Amino acid sequence: MRQIYLDNASTTMLDLEVVKAMLPYLTNKYGNASSSHDLGREAREAIENARKIIADKINAKPNEIIFTGSATEADNLAIKGIAYANKVKGKHIITSEIEHPAVIEACKALEQEGFSITYLNVNREGLISIEDLKKAIRKDTILVSIMHANNEIGTIQNISEIGEICRAKGIYFHTDASQSFTKLPIDVKAMNIDLMTISAHKIHGPKGIGALYLRENVNIKPIQHGGSHEFGLRPGTENLANIVGFAKAATLVIQKDIERMTRLRDYFLSALIKMPKVKLNGSHKQRLCNNINVLFQGIGSEIMLNHLNSQGIYASAGSACTAQEITTSHVLKAIVLTDEEANSSIRFSISKFTSREDIEYALNAIKEIVYSLRKISAIINKV
Ligand code: PLP
């Protein structure tokens with residue numbers, strides 16, 4: 001059976017070029033980057049080369065990149081790291097209600113420790129209001145953490161404007177760019193970003209590797225304790241092969257791929273919303289190039305996903321990280337969908353490997369599934 005993978009916001013296939021780049025570091029070049037012999041030095045060189053590649057991508061300096069074990073870890077390090085380093089100055093943090101659980105749960109954990117958190121509302125498109133942000137800032141605000149692009153609905157926030165406001169007020173600004181890194185232009189200096197989370201497995205790199213951009217001279221407290229790796233901020237022997245793979249993946253994304261994904265997304269989306277009782281969730285304009293989130297009115301997302309799965313089409317409902325639990329997506333609720341609407345919504349996310357034929361195949365299957373499920377529910381409603 002044909003397999004159409006439309007769950008790239010959740011994770012992506014490894015690019016074979018990435019595998020090739022990683023392979024030597026999984027086999028004969030296995031040194032510990034802290035060792036002083038040749039094998040260790042070779043590992044150190046590979047890590048520092050990768051650090052420079054990633055830094056160049058976002059206009060940062062290599063010493064501003066800290067490798068972590070995941071984007072989740074980078075989010076935690078950023079938020080708790082700033083909180084613990086600045087608690088004498090203030091204990092107030094501003095974030096949004098549509099952040100990834102890695103940010104929301106880190107904030108909730110800080111609330112338990114006496115920090116005060118403001119969760120900004122978003123509008124129906126998933127955008128925060130800049131006015132609300134300005135109003136929420138207090139004398140004791142130490143950090144603003146607003147994601148660049150949302151993982152469920154793909155909404156892109158105006159992070160340049162947020163960065164400017166924070167810098168003017170002397171408040172640190174963190175953005176989770178796990179979904180947007182390489183898909184949207186990011187210049188941490190021009191955008192006044194102090195801390196930024198990125199991830200490899202969303203860009204055809206390996207799982208289990210992320211990074212935190214930390215602006216020079218911004219102090220954070222480490223949240224784990226051990227050796228002096230990663231400038232003393234993230235102890236533990238570096239994941240050499242994954243770091244090399246992360247940097248390789250970052251070099252492989254080209255503008256042509258982004259433009260092609262955007263065209264494919266628009267084609268897919270316009271065909272979907274032409275169908276009766278199908279609506280787009282989130283913003284039409286401020287949307288990530290690979291994200292589609294639609295509401296199939298009256299069709300539960302679980303049943304829809306099962307039917308899609310049986311035809312080899314892989315998508316998701318809500319975010320994949322919470323797909324095991326039957327909880328209504330906090331993001332879809334935040335854009336004021338009812339529970340029923342949120343639980344009838346599906347996210348399709350494409351990649352540079354998605355072809356026009358894949359989309360045609362998926363569209364045909366979706367049309368058939370929707371038609372037959374609606375027919376069944378019409379019969380049930382009559383009985
Ligand atoms: N932040 C965002 C916006 C994400 O989309 C994800 C993954 O879905 C994460 C953080 C967490 O990434 P990981 O599971 O790799 O730690």
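In this predicted model, the cysteine C107 counts as buried, with a relative accessibility of 0%. The sulfur of C107 is 14 Å from the closest cysteine sulfur, which belongs to C166, and this separation is too far for a bond, because a disulfide is counted when two cysteine sulfur atoms lie within 2.5 Å. By this rule, the number of disulfides comes to zero. Another cysteine, C289, has a relative accessibility of 7% and therefore counts as buried, since the cut-off for that class is under 20%.

A contrasting case is offered by the lysine K139, which counts as exposed because its relative accessibility is 89%, where the exposed class begins over 50%. K139 is found in the loop that links helix α5 (130–136) with strand β5 (141–145). Although K139 and K169 are 30 residues apart along the chain, their C-alpha atoms are separated by 9.4 Å.

Further along the chain, three strands form an open sheet in the order β9-β10-β12, and the pairing within this sheet is antiparallel. Its edge strands are β9 (278–280) and β12 (345–349), each of which pairs on one side only. On average, and with direction ignored, neighbouring strands of the sheet are turned by 30 degrees against each other. Strand β10, which covers residues 291–296, is joined to β12 by five bridges, and these two strands run antiparallel. Within this pairing, V294 stands opposite I346, a residue of β12.

Two helices are placed against this sheet. Helix α9, made up of residues 255–274, lies across β9, β10 and β12, and its direction makes an angle of about 5 degrees with β10. Helix α10, made up of residues 301–310, lies across β10 and β12, and in this case the angle, taken to β12, is about 40 degrees.

The model also contains a ligand, which is surrounded by 13 residues, the closest being T72, D176, Q179, H201 and K202. For T72, an N or O atom of the side chain is 2.6 Å from an oxygen atom of the ligand. For H201, a polar side-chain atom likewise lies 2.8 Å from a ligand oxygen atom. The side chain of S178, in turn, has an N or O atom that is 3.4 Å from a nitrogen atom of the ligand.

Notes. Residues numbered from 1 in each chain as written. Predicted model: local features only at pLDDT ≥ 70, side-chain atom pairs only at ≥ 80, totals over all residues. Heavy atoms only, no water. Pairing = 2+ DSSP bridges. Helix = DSSP H or I, 4+ residues; strand = E, 2+ residues; numbered from the N terminus. Axes fitted to C-alpha atoms, helices over the stretch in contact; angles between N-to-C directions. Contact = heavy atoms within 4.5 Å. Buried < 20%, exposed > 50% of the residue type's maximum accessible area, 1.4 Å probe, protein only. Near = heavy atom within 4 Å. Polar contact = N/O pair within 3.5 Å; in protein donor to acceptor, adjacent residues only side chain to side chain.
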